Amino acid sequence: MEIQPGRRILITGGTSGLGLEIVKLFHKKGFYVICTGRQPQDFTGFTGNFRFFRTDFSDLAETAKIFKNICSETEPDFVINNAGILSPPGFTLTGDGFECTFQVNFLAHLLVNEIIIRNNTDNHPLKIGAVTSPVYKMENTFPDWQCDVRSYKPLKAYSDSKLFLALMCRYLEEKYTKKNPACFSIDPGVFSSSIYRTQGRFFRFLYGIAAPFMRNPAKVAESVFEMMVNQGFSDGRIFSIRKKPEYMPVYDQRLIDAFWISMNEMTEQYLKA
Ligand SMILES: NC(=O)c1ccc[n+]([C@@H]2O[C@H](COP(=O)([O-])OP(=O)(O)OC[C@H]3O[C@@H](n4cnc5c(N)ncnc54)[C@H](OP(=O)(O)O)[C@@H]3O)[C@@H](O)[C@H]2O)c1
């Protein structure tokens, strides 16, 4: 099958909630859609211009292998970093030794984007959108990413992961000046989905009550679609669901630089393998 250039999109976490709505919308608009996630959905009807790759972001080596494979087959024009979890009530480490929210929401996406950008042909336009959260604004000082069982607070772990994801967009644009990817993040506000599934019973009960009053993820997907296909959404900036630019708190640049040096060291081993 011939895949039309300029219409190939890769969506992480495309198996439920917002990601699934984004997958459906881009597919309906005639895009070739590559979708990743752990639990394959019933994608009946998504024939021809659709691929699903089972990927668990809590395993970085496996994630790197799968994305290298994807990039050897297809050069995406658009990428949406959407996969994410709410931090579990208890401190949880992945097999790679990282707090699970930090790895799934942020570090795995950094690795995936590094693979995609490095494989991207020079001058081939590539646009990367990352789904952050309104809580990225919670930190006034640049957070220490190395939490342990004693310092672990679920909301903080989640908000930190979303802050790092938002900062990543600016970092990647500055790092890859020759490849020149257009990166930006999207603050989607709050919408109904099954993101609560990692939470305890009480949270799930409260969520069940509030969900009917929350925004429909299909509406959020429409906004994401417009930001992806229209110009003006780039430069590592953050945009609200109403497409208004938001302002990142200013952090100590030395701490940010030290953070990216550590992240580079961590991802490099998986990129080289
Ligand atoms: N819901 C909200 O109000 C809200 C607000 C702000 C931001 N967000 C963000 O929006 C994004 C989408 O969330 P959602 O609300 O639509 O939640 P959701 O329905 O739970 O969808 C999350 C997606 O992430 C994937 N995922 C989770 N863990 C993964 C892992 N270990 N490896 C690979 N994929 C994994 C899931 O796929 P599998 O289950 O198949 O693995 C699923 O496709 C997330 O980044 C979330 O943080 C949500």
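Two strands pair if DSSP finds at least two bridges between them. The exercises below apply this to a predicted model.

**Exercise 1.** In which sense do strand 1 and strand 2 pair, and over how many bridges?

*Solution.*
- Strand 1 covers residues 8-11 and strand 2 covers residues 32-37.
- Arg8 has Tyr32, in strand 2, as its bridge partner.
- Four bridges link strand 1 and strand 2, and the sense is parallel.

**Exercise 2.** Identify the edge strands of the open sheet.

*Solution.*
- The sheet is open, has eight strands with mixed pairing, and follows the order 3-2-1-4-5-6-7-8.
- Strand 3 (50-54) and strand 8 (245-246) each pair on one side only, and these are the edge strands.

**Exercise 3.** Which polar atoms of Gly13, Lys162 and Arg197 lie opposite an oxygen atom of the ligand, and at what distances?

*Solution.*
- For Gly13, a polar backbone atom lies 3.0 Å from an oxygen atom of the ligand.
- For Lys162, an N or O atom of the side chain lies 2.8 Å from a ligand oxygen.
- For Arg197, an N or O atom of the side chain lies 2.5 Å from a ligand oxygen.
- On its own the ligand has 890 Å² of accessible area, of which the protein covers 97%.

**Exercise 4.** Describe the surroundings of the ligand by position, residues and class.

*Solution.*
- The ligand takes up the space of the largest pocket.
- Helix 1 (17-28) and helix 4 (154-175) are the elements that contribute two or more residues to the shell.
- The ligand is surrounded by 32 residues, and Thr15, Arg38, Tyr158, Ser193 and Arg197 are the closest.
- By class, the shell comprises twelve nonpolar, 16 polar and four charged residues.

Key
Residues numbered from 1 in each chain as written. Predicted model: local features only at pLDDT ≥ 70, side-chain atom pairs only at ≥ 80, totals over all residues. Heavy atoms only, no water. Near = heavy atom within 4 Å. Polar contact = N/O pair within 3.5 Å; in protein donor to acceptor, adjacent residues only side chain to side chain. Areas by Shrake-Rupley, 256 points an atom, 1.4 Å probe, with all protein chains shown as cover. 1 Å grid on protein atoms, 1.4 Å probe; cavity = no way out; pocket = protein on both sides within 12 Å on 5 of 7 lines; lining within 4 Å. Sits in = over half its atoms within 2 Å of the grid points. Nonpolar A, V, L, I, M, F, W, Y, C, P; charged D, E, K, R; others polar.
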